[in-house]
Amino acid sequence: MPSLSAVCTILCVGTSAAFVAPSVSCVSRGIAAHRGFATAARQRGGVSPLSMAGDEADILNKVRGIVVSQLAVDETQVVPAASFTQDLGADSLDTVELIMALEEGFDIEIEDEVAAEIGTVEDAVKFIAKAI
């Protein structure tokens, strides 16, 4: 595990730019970002993957791939704050097919009541993180 003084490279979701932040320290289940840097990342189109636990960042990457495949959208559009319907253009059938693809991709079952509450990429990531 890296020391607390480690310099970590941070990739912001939704951008192709890489930022190096010497004021960031590594922690056991992910990386905690300096407040100013996390704010800048959110302003660029979503939650920084650093605000998610390490497992959630891995889940986000897999969810992103499934969403891109199912909805035929550009990968840069699939940020944590993106709404499946409003931002990514999914209709009700697309949403059902997306939930089924997530179930298959993560080998989980998503109850209908829960599926109705999953409206954003981040909602999906957080549910899947709890389910696996």
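**Exercise 1.** Determine how many helices and strands make up the secondary structure of the protein, and in which pattern they follow along the sequence.

*Solution.* In this predicted model, the secondary structure of the protein amounts to five helices and four strands. Reading along the sequence then gives the order of these elements, which is β-β-β-β-α-α-α-α-α.

**Exercise 2.** Identify the residues with the most contacts inside the largest nonpolar core, and find the helix from which the largest share of this core comes.

*Solution.* Begin with the core itself, which has 26 residues, and in which Val63, Val67, Phe84, Leu102 and Val121 have the most contacts. Next, assign core residues to helices: H2 (54–71), H3 (92–106) and H5 (121–131) each contribute at least two of them. The largest share, six residues, is supplied by H2. Finally, take Val67 as an example; when its neighbours within four places in sequence are left aside, Val67 is in contact with Ala72, Val73, Val78, Phe84, Leu88 and Leu98. As background, nonpolar side chains in soluble globular proteins tend to be buried together.

**Exercise 3.** Decide whether Val96 is buried, partly exposed or exposed, and name the surface patch that includes Val96.

*Solution.* First locate Val96, which lies in helix H3. Its relative accessible area is 45%, and because buried means under 20% and exposed over 50%, Val96 counts as partly exposed. Together with Leu93 and Met100, Val96 forms a nonpolar patch on the surface, and the three have about 290 Å² of accessible area together.

**Exercise 4.** State what percentage of the residues of the protein count as buried, and what area the protein exposes.

*Solution.* Of the 132 residues, 39% count as buried. The protein exposes about 7500 Å², of which carbon and sulfur atoms supply 51%.

Conventions:
Residues numbered from 1 in each chain as written. Predicted model: local features only at pLDDT ≥ 70, side-chain atom pairs only at ≥ 80, totals over all residues. Heavy atoms only, no water. Core = buried A, V, L, I, M, F, W, Y, C linked by side-chain atoms within 4.5 Å. Buried < 20%, exposed > 50% of the residue type's maximum accessible area, 1.4 Å probe, protein only. Helix = DSSP H or I, 4+ residues; strand = E, 2+ residues; numbered from the N terminus. Contact = heavy atoms within 4.5 Å. Areas by Shrake-Rupley, 256 points an atom, 1.4 Å probe, with all protein chains shown as cover. Patch = residues over 30% accessible without salt bridge, like charges linked within 9 Å, V, L, I, M, F, W, Y side chains within 5 Å. Salt bridge = Lys/Arg side-chain N within 4 Å of Asp/Glu carboxyl O.
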